[in-house]
Each structure stands twice: as C-alpha cells, then as structure tokens.
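Please look over the sequence and the model first, and then read the report below, which deals with how protein and DNA meet.

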2 protein chains.
Amino acid sequence: MSTSGPYHHGDLRPALLRAAGQLLEKQGLAALSLRETARRAGVSHNAPYRHFPDRGSLLAALATAGFAALGTAMQEAAAHGGLRAMGEAYVRFALERPQRFRLMFGGALPIAKHAALRESATRVFEGLAQALAPQLAGPAGRDASIAAWALVHGLSQLLLDERIASSALRGRERDEMVRAVLGSIRFAAAKPQTPA
Amino acid sequence: MSTSGPYHHGDLRPALLRAAGQLLEKQGLAALSLRETARRAGVSHNAPYRHFPDRGSLLAALATAGFAALGTAMQEAAAHGGLRAMGEAYVRFALERPQRFRLMFGGALPIAKHAALRESATRVFEGLAQALAPQLAGPAGRDASIAAWALVHGLSQLLLDERIASSALRGRERDEMVRAVLGSIRFAAAKPQTPA
DNA sequence: CCTGTTATGTTGACAATGACAACATTATCC
DNA sequence: GGATAATGTTGTCATTGTCAACATAACAGG
C-alpha cells in the first residue's frame, strides 16, 4: 500500500466526528456507518472502536455536539434580538442542519445510556426556560414556558418534514412566515407587553 | 421440517404488517428487520418481497396505517369534546404508540417516494385545519392554525423524548398537565370566546 | 378436466455492516 | 531503556437487504 500514513492517526476522535457529521448531513442517518466513517478518516474499519464503544456512542457524540451548537446559536440570538430571535434561531438551526436535528430529537438513541448527551440537552432547555422566566413567572407561567418551547419545536419539526404546504407562505419569505406564526399566539399568563 | 404449513400463506400482507407493527412498538425501528418480520409471520426471508418492493415500503405502509389511526382518533375526539379534545387525542396517540409516531414524523422514510403515505398524512392535517377554521379565519388565522398544530405536535414530541422534566407535572396527572399547557396560550386572531 | 399463465413462496447466493478477538505499533513513564 | 498502556490493524462471524432462479398453487379458457 502506498497510501499508508503514520500508524497512529494522532487526532482520530475529532476526525471521526467530522467525517461522521458530513456523512450524516449529506446521506442521512441510515447511511451513516461506522465503516464508512473510518474509510473517510483514512483508518481501518475497526479503529473507531478505540474511541467509541459502539455505533450508538458515535451518534450520541454527534447529538451532544449538536446540542452545544444549538445552545450557543440561541444565546447569541437572544443577546441581539431577545426572545423572538431565540425562537427563530431554534427554527433556523433545525432547517440548516436537518439531519443533525433529527438525530437530536428523533429518539434514535437511548438518551438514558449517554449521560453527556442528556446533560448538554438539558443545558439548552434550561437556557430557554431562563430566558422565558421574566415574562412568564409563577405556576401558570411554567406551563406557558413549556407551551412556548413546544410551539417552536413543533414548528421546526413540521417545516423539516415539509408538512407545511408552500401555500402557507402566501408569498412571504420563510423567515417572515416563521415570525408571523410565532407571533400569532399570546400567553394567557403573560406579565406586561406582547410576548412571543 | 414438520412445521411446514400450506405453501401459500393466504393472507400474508396484513400478517406482515401486524408482525412488523408489533416489532416496531416493542423493539423500536432499528430492530425492525424484514427477515425478522418474515420469521414471525412464519414465511421465508424473501416472501415479503412479493408484497413490498423493499424495506422502506414496509415502513411506509406502517406509517400510512398510523396516519389513518391518528385521523380517526382525532375525529372521534372532536365529535365529543371539540378542539381541546382533538389536541389531547393527538398527544395521547403519540404517547400510546411512541415508535409508530416517530416513524410517522421522524423523517426516516422518503415521503416523496410513497404517494399513499403523503395522502394519508395530508388527510389528517386537513381535518385539523378544518376543525380550526371556524375559530381562526382569514390570513392571520391561517398562521394561527399552523401555530396550534405546531404546539400540539411539539408537545407530543417533547413528552415522547421525556424532555419535559417530571417536575413540570407538579403533582398533576399527565393528561391534566397537557390540558393546562395547551390552555395556556391564546390566539391573537381568535374570533369570539377563548379558544385552545 | 386439464393445461398454460400468473401470483405467491422458497432456496441460494452476495456484499455490506456492527461487533469481537488476536495481533502490531507507538507513546509514556518508571 | 524496558515495561505497560494507548491506539490501529487484520481476521472473522452472524445478521441484514436485495437479487436471481426455482417451486407451488390459483385460476382461466378450451
């Protein structure tokens, strides 16, 4: 073999995650095999097992990274545009990385088995709840927070599945339509001005 | 082989769907293999190919049946309890058949490839839109309809993934909590009384 | 009836995959 | 510098989806 690099890759774990991430986004979860990722990283078919005990663990690591990215995207958006922007960032993330989003929420991986995954996900949701807190306090407010989250999450899912007919756009840009949909509801327990 | 029944099963297609449905709910989508379903139906590993061109088509058929079931569940609920009950039926369906629901919305199957699937899904959503129409008319109302659907769908997903901490129940039954969450929002464009 | 055509199942392959075991090479630390 | 652990490799296996070739049953027209 002419193409035999150094015996030790030196930085394999991140390389595998990169390769797997590309495979995921381009071919979908079903086409993401351990062996193909190994090939793309230029190592033997069994090398990944030194870094991930099984396929599920690789996927869990991908999902964990996804939650981290979603979290920072939302924080950045919140800093500039407030709550509104936060929700829009959530939807945008889903539409820009559809396969990753599905992996994160599709239930394909046993969350209980992967502590790091669960934690990174929880962090994101806590950030959302905190941002909502000022407007929605008290017991009823907490239910409303869940509703807000569900709304944003559900809209992401439906757009992702292309389940919202293009006629619903009615000539608007997609982002504009998202804004309108998110703005079309009011929270019963809201404190002062018009939230959303 | 002593256990060799008649050469022709006689009713294989539905039998396969039954077996596959059980496998799906009990073991999850990943464990649903064509060969295992064939085994459970008592036929050879290739018999399913006389009824489904490939694995994806079997899954599509399962999803199609799922949409049909969801549709009737929602219609029944609507007949008795109105809009509220409709939304609750949606959530209940998701929680009672988690794997089926995930199959229907997880994006694991290429919707474009399966016309029957797309149609049965569309029927369900049209039913929902129609039920919403009286309360939410006009352009703004249509955005609100999408919001309502997204809310119900997102809540289902989050509950399914066990992403809503049990502390959010605050002592209530789950159904009660669902009611409260769905009831915590108002539609900006609503016509008369308090919708939900 | 019985015969040929079609629907439905079966057997037998093949390549790809996840996983395990045994072995090889390099890093690290006393 | 030599033991020991970390990291990669080769070899192997059972399972799976799918294709091709064959077998059996249902059924139609004479």
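Which DNA strand has a phosphate oxygen that lies 3.2 Å from a polar side-chain atom of B:Tyr49? In this predicted model, the phosphate oxygen beside that side-chain atom of B:Tyr49 belongs to DNA strand D.

**DNA strand D**

Around DNA strand D there are 25 residues, and the closest are A:Ser44, A:His51, B:Arg35, B:Arg39 and B:Asn46. Of the atoms of DNA strand D that come within 4 Å of the protein, 50% belong to sugar and phosphate. Bases take part as well, since the side chain of A:His45 has an N or O atom 3.0 Å from a base oxygen of DNA strand D, and the side chain of A:Arg50 likewise places an N or O atom 3.0 Å from a base oxygen of that strand. Helix H2 of chain B, residues 34-41, gives the most to the surface near DNA strand D, with 3 residues, and the residues of this surface divide into 7 nonpolar, 11 polar and 7 charged.

**DNA strand C**

DNA strand C is surrounded by 25 residues, of which A:Arg35, A:Arg39, A:Asn46, B:Ser44 and B:His51 are the closest. Here sugar and phosphate make up 52% of the strand's atoms that come within 4 Å of the protein. With 3 residues, helix H2 of chain A (residues 34-41) gives the most to the surface near DNA strand C, a surface whose residues divide into 7 nonpolar, 11 polar and 7 charged.

The table lists contacts to phosphate oxygens of DNA strand C.

| Residue | Polar atom in | Distance to a phosphate oxygen of DNA strand C |
|---|---|---|
| A:Ser33 | side chain | 3.5 Å |
| A:Arg55 | backbone | 3.0 Å |
| B:His9 | backbone | 3.5 Å |

Notes. Residues numbered from 1 in each chain as written. Chains lettered and ligands numbered in written order. Predicted model: local features only at pLDDT ≥ 70, side-chain atom pairs only at ≥ 80, totals over all residues. Heavy atoms only, no water. Near = heavy atom within 4 Å. Polar contact = N/O pair within 3.5 Å; in protein donor to acceptor, adjacent residues only side chain to side chain. Helix = DSSP H or I, 4+ residues; strand = E, 2+ residues; numbered from the N terminus. Nonpolar A, V, L, I, M, F, W, Y, C, P; charged D, E, K, R; others polar.
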